[in-house]
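Biologist: Could we go through this structure together? I would like to begin with how the chains meet.

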Amino acid sequence: MLWRVKVTADSQEDLRRYLEGSGADLGCRPMAFREAEGISIVLIADRETLDRLSARRSAGRRLVRLEALGDPKARTALCGSRNRFLKGERPRGYGERVDS
Amino acid sequence: MIYYNYDEIHSALQLLAEAHPGLCTLQELPNRSHEGRPCLALAVGWNRGPEVPTLLAIGGVHAREWVPPDALVSILADILSAASGRHGLEYGGVVFTYEQIEAILEGLQIVVFPCVNPDGRVYSQTRDPMWRKNRRPEGTGVGQVCFGVDINRNFDIAWAFKRHFAPGAVSASDNPCDPQVYTGPSAASEPETQNVVWLLDHYRSTQWFVDFHSAIPGVLHAWGLDQTQSSDAAQTFLNPQYDGLRGRPDDSYREFLPADDQAEIERLSSLMAESATQVAGDEYGLGPAFALYATSGASDDYAYSRHFANPDKAKVFGFTVECGHEFQPDSDGRTQNIREICACLLTLAGEAVQAGRHDSRRRPVVAAEPLGSRTAV
Ligand SMILES: [Zn+2]
């Protein structure tokens, strides 16, 4: 099971220390955001990573579980092995037509 | 079944090229993927070829980010249908008139490489949805084989991260078993990376480059290597004097970014973020790619670095656009993210045409304010 998790620390330096060796998946690029309560990052964590991060919590460090990522099987069901474009479908976009 | 599989992406490009031969050219890339899959790009515009001012858009570098390849197929279908049907396009509240689209196709070549990492996409869509890297097998020397290089740490820009950066400053790994950010055995070692490099070399008039990812909405720009400064041209990734010092925030080393480039990069980022935000009200932030950590070997920095490393090469403004909040949103989320990417890319294309027409990149421009509070630090 995987969760999206928001991790916050008082400073960028402490956020790095907090995450060091945690095994957290920092996503595409490790983007951190300055917010009122400190520096935050949204990451992906499994149970072990969550436990590690929870154990390291201290003053100024916060950990908020946002949501579960869902069942991997359900996500692979969003894809198929058929090639719809060999069966007569044509590629289409999602822009609405605008007549000038 | 809502996402395109790799065969469908391949077929979609072939069908679009067949249906619109006057307006696009199918480009087979020189390298097949590690598992032998052929790779295609499509060049679109009334004028096409290596000398035509070009915007290069890529997607699917990270396998688990399923939306960008679908979005890039969609925008190709939209543009070609608008041009042949002589109509404009609307994405949420963002409108591009037929005249604007025609001006883009007259003044610019858009080269789209929707799925850089086909093996990774197949593996992610059939076996492990969280798979990010390509599928290079690599022995570890102890009888174990691990798979995959992070293509977005494999480009030839400060690739040797242990030499270039301060310890612990960079998001990269030289461990082939690292599930996310293994840099590969050498710079640009991967056929998937080499295909992107080939496009930049072949379309040598490329001046704008966007690599589409997900899933924190925002537009990222130079540099990912360190914070930036515009006064000391000696502080660059090329200068070995600063090896081992890069990547730490708020110290004396900052990567050189000429002031006029910075202004233009920020202006374009702001316009892209604004148009993506306007589609559905989801706020796209913007800022330098250097955030919590430095990044080495990333595509956007590589594209922009090329003219510093070799003055014979054209200057390319490189961007990374991340869409949405999930790697694999449901159907509605996918559609919204596709529209955001399309609005963003057509906005950049419109600006690129203006830049070509009036050479506005040489005009002093005022950097727009970042949008809201979601600016990367
Ligand atoms: Zn990514």
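Modeller: Certainly. Chain A and chain B bury about 4,900 Å² between them, and 58% of that area lies on carbon and sulfur atoms. Please bear in mind that this is a predicted model.

Biologist: Which three residues of chain A supply the most of the area that it buries against chain B?

Modeller: They are A:Arg16, A:Arg29 and A:Tyr94, which together supply 18% of the area chain A buries against chain B, more than any other three residues.

Biologist: And how many residues are in contact on each side?

Modeller: On chain A there are 47 residues in contact with chain B, and they meet 71 residues of chain B.

Biologist: What about polar contacts between the two chains?

Modeller: Between chain A and chain B, 28 residue pairs are in polar contact, counting pairs with both residues at pLDDT 80 or more.

Biologist: Which elements of chain A give two or more residues to that side?

Modeller: Strand 1 (2-9), helix 1 (12-19), strand 2 (32-35), strand 3 (38-46), helix 3 (72-76) and strand 5 (96-98) of chain A each do so. Helix 1 of chain A gives the most, with 5 residues.

Biologist: How do the residues on that side of chain A divide by character?

Modeller: The side of chain A that touches chain B has 23 nonpolar, 9 polar and 15 charged residues.

Biologist: With charged residues there, how many salt bridges cross the interface of chain A and chain B?

Modeller: The rule finds 4 salt bridges across that interface, while the structure holds 28 over all chains. One salt bridge joins the side chains of B:Arg339 and A:Glu96, at 3.4 Å from N to O. That pair crosses between chains, from helix 9 (residues 331-358) of chain B to strand 5 of chain A. The side chains of A:Arg84 and B:Glu8 also meet in a salt bridge, at 2.6 Å from N to O.

Biologist: You mentioned strand 5 of chain A. Which strand of chain B is joined to it, and is the pairing parallel or antiparallel?

Modeller: Strand 5 of chain A is joined by 3 bridges to strand 4 (residues 88-91) of chain B, and the two run antiparallel. Within that pairing, A:Glu96 has B:Glu90 as its bridge partner. A:Glu96 thus appears both in this strand pairing and in the salt bridge with B:Arg339.

Biologist: Turning to chain A by itself, what is its secondary structure?

Modeller: Chain A has 3 helices and 5 strands. From the N terminus on, the order is β-α-β-β-α-β-α-β.

Biologist: Which strands of chain A form a hairpin?

Modeller: Strand 2 and strand 3 of chain A form a hairpin, with 2 residues between them. These strands run antiparallel and are joined by 4 bridges. In that pairing, A:Phe33 of chain A has A:Ser40 in strand 3 as its bridge partner.

Biologist: How does the radius of gyration of chain A stand against that of a compact globule?

Modeller: Chain A has a radius of gyration of 20 Å, whereas a compact globule of 100 residues would be near 13 Å. Its C-alpha trace spans about 60 × 40 × 20 Å along the principal axes.

Biologist: And what can you tell me about chain B?

Modeller: Chain B has 9 helices and 14 strands. Its radius of gyration is 19 Å, close to the 21 Å that the globule rule gives for 377 residues, so chain B is as compact as a globular protein of that length. Along the principal axes, the C-alpha atoms of chain B fill a box of roughly 55 × 50 × 40 Å.

Notes. Residues numbered from 1 in each chain as written. Chains lettered and ligands numbered in written order. Predicted model: local features only at pLDDT ≥ 70, side-chain atom pairs only at ≥ 80, totals over all residues. Heavy atoms only, no water. Contact = heavy atoms within 4.5 Å. Buried area = accessible area lost by both parts, 1.4 Å probe. Polar contact = N/O pair within 3.5 Å; in protein donor to acceptor, adjacent residues only side chain to side chain. Nonpolar A, V, L, I, M, F, W, Y, C, P; charged D, E, K, R; others polar. Pairing = 2+ DSSP bridges. Rg over C-alpha atoms; globule rule 2.2 N^0.38 Å.
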